[in-house]
Amino acid sequence: METYVWDVRNYVDDLSTYPQIGEITAAFHADELVAIPTETVYGLAANAYSSEAVGKVYAAKGRPSDNPLIVHIHRSDQLDFIDAVHPAARQLMDEFWPGAISFILPVKAGMLAPQVTAGLSSVAVRMPKDRVARQLLQITDLPLAAPSANLSGRPSPTQFDHVLEDLDGRIYGIIQGPDSDIGIESTVVDCTSYPFKIARPGSITESMLESVVPGCITEADYNAEAPIAPGMKYRHYAPNSPVQLIDGGIRSALTVDAATAVIAPESVRNGLTAATFIRSALMSMTSKQRQLVCMMYCAQSIITMQSSRLY
């Protein structure tokens with residue numbers, strides 16, 4: 001399969017003036033897959049109403065069929081496939097949408113392609129902030145199911161080149177836009193019961209949510225074998241090369257193999273030799289938070305440092 005590339009970097013302010021925008025729109029309506037830039041990571045987008053289109057997502061990524069997808073919209077009245085929205089969830093949407101947060105909501109049966117929900121009675125929904133993604137959603141006027149645009153288990157892509165490396169020849173097209181601003185996937189909040197639960201951590205944190213609706217978040221206690229959101233069950237954010245977390249300072253020079261990436265405080269940079277250094281300002285977090293952040297940030301940090309493709 002030939003994978004088409006549409007470079008829209010000079011049309012970010014008005015995507016409708018891009019000469020080939022009709023080709024992109026037609027691709028979505030013809031149930032093709034198109035990788036799109038967002039502020040979190042690049043997404044592999046498909047018409048969320050079409051079983052044929054969504055089936056291609058799982059095939060192209062090699063994604064397990066019980067791993068649900070996130071549906072992307074550009075305005076709240078597109079939530080006609082949602083059964084109900086808790087008032088507190090509506091408050092959080094008003095505060096953080098458009099942005100890097102997805103809300104799991106009860107879904108009406110039979111409206112979305114069944115593969116989107118992976119057999120669940122709920123679906124995660126996000127309204128992205130990225131200008132290209134929002135304009136694309138407006139122009140196509142379709143809800144788009146879009147996991148990260150990478151082979152399943154690989155680090156999520158934050159640049160066009162990363163998508164091309166994984167999916168060239170596997171999907172219909174790639175929209176080449178700006179690099180992702182945030183670089184990790186969205187926070188996912190389970191709003192199917194109250195208080196809500198964070199099903200997947202991200203750049204919008206529990207404290208930020210609690211500042212808007214105090215008491216809205218409780219501790220998550222999910223069964224890992226029955227994922228309610230992406231990233232809960234399977235190997236994820238996983239570079240091929242080892243990543244070492246240094247928790248605290250070091251007393252003397254530390255030599256690490258050149259193929260190993262290191263996440264550590266900026267203060268230890270001079271004590272490291274050989275390794276690809278990944279600076280981090282996250283050491284003030286709790287142990288549990290550091291573990292989560294290490295899993296999420298290692299891929300994007302490697303990409304940000306533009307190392308020799310350690311992932």
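# A first look at the salt bridges, helices and odd bonds

In this predicted model, the side chains of Glu185 and Arg200 meet in a salt bridge, with N and O 3.8 Å apart. Glu185 sits in the loop between strand 8 (173-176) and strand 9 (187-190), while Arg200 belongs to strand 10 (residues 196-200), so to speak a link between distant parts of the chain, 15 residues apart. Both partners, Glu185 and Arg200, are buried.

## The wider picture

Let's step back for a moment. The chain has 311 residues, and 54% of them count as buried. It holds 8 helices and 16 strands. Take the contacts between residues at least 6 apart in sequence: 63% of these join residues at least 24 apart.

## More salt bridges

How many salt bridges does the count come to? The answer is 11. Here are three pairs, side by side.

| Pair | Closest N and O atoms | Separation in sequence |
|---|---|---|
| Arg126 and Glu39 | 2.7 Å | 87 residues |
| Arg154 and Glu165 | 3.3 Å | 11 residues |
| Glu185 and Arg200 | 3.8 Å | 15 residues |

Start with Arg126 and Glu39, which form a salt bridge. Arg126 is part of strand 6 (residues 122-126), and Glu39 is in the loop between strand 2 (34-36) and strand 3 (43-47), so this pair ties together parts that are 87 residues apart in sequence. Is Arg126 buried or exposed? Arg126 is buried, at a relative accessible area of just 2%. Glu39 counts as buried too, with 5% relative accessibility.

Then there is the salt bridge between Arg154 and Glu165. Arg154 is found in the loop between strand 7 (144-145) and helix 6 (160-167), and Glu165 is in helix 6 itself, so the pair ties together parts 11 residues apart in sequence. The two ends have their own settings: Arg154 counts as buried at 17% relative accessibility, whereas Glu165 is partly exposed, with a relative accessible area of 45%.

Back to the pair we opened with, Glu185 and Arg200, joined by a salt bridge. Elsewhere, salt bridges that share partners bring Glu32, Glu52 and Lys56 together in one network.

## Helix 1 meets helix 5

Now for a pair of helices. Helix 1 (residues 21-29) packs against helix 5 (residues 131-140) at an angle of about 65°, and their axes are 10 Å apart. That angle makes helix 1 roughly perpendicular to helix 5. The crossing of the two helices is right-handed.

Which residues make the contact? From helix 1 come Ile21, Ile24, Thr25, Phe28 and His29, and from helix 5 come Leu136, Ile139 and Thr140. Sorted by class, the contact between helix 1 and helix 5 has 5 nonpolar and 3 polar residues, and no charged ones. A bit of background helps with the spacing: an α-helix has 3.6 residues a turn, so residues three or four places apart point the same way.

Helix 5 is also worth a look for how it is covered. Of its 10 residues, 7 are buried, so helix 5 is largely enclosed by the rest of the structure. The buried ones in helix 5 are Val132, Ala133, Arg134, Gln135, Leu136, Leu137 and Thr140. And what covers the buried residues of helix 5? The cover includes helix 1, strand 2, strand 4 (70-72), strand 7 and strand 8.

## Quirks along the backbone

A few spots on the backbone deserve a stop. Trp97 and Pro98 are joined by a cis peptide bond, with omega about -5°. Pro98 has its place in the loop between helix 3 (87-96) and strand 5 (101-106). A cis peptide bond also joins Tyr194 and Pro195, where omega is about 0°. Pro195 is in the loop between strand 9 and strand 10.

Which way does phi go at Asp31, positive or negative? Asp31 has a positive phi of about 65°, although it is not a glycine. This residue, Asp31, lies in the loop between helix 1 and strand 2, and it counts as buried at 16% relative accessibility. Ala118 is not a glycine either, and has a positive phi of about 55°. Ala118 is located in the loop between helix 4 (114-117) and strand 6. With a relative accessible area of 23%, Ala118 is partly exposed.

How values were computed. Residues numbered from 1 in each chain as written. Predicted model: local features only at pLDDT ≥ 70, side-chain atom pairs only at ≥ 80, totals over all residues. Heavy atoms only, no water. Axes fitted to C-alpha atoms, helices over the stretch in contact; angles between N-to-C directions. Helix = DSSP H or I, 4+ residues; strand = E, 2+ residues; numbered from the N terminus. Parallel < 35°, antiparallel > 145°, perpendicular 65-115°, else oblique. Left-handed = near helix turned anticlockwise from the far one by under 90°. Contact = heavy atoms within 4.5 Å. Nonpolar A, V, L, I, M, F, W, Y, C, P; charged D, E, K, R; others polar. Salt bridge = Lys/Arg side-chain N within 4 Å of Asp/Glu carboxyl O. Buried < 20%, exposed > 50% of the residue type's maximum accessible area, 1.4 Å probe, protein only.
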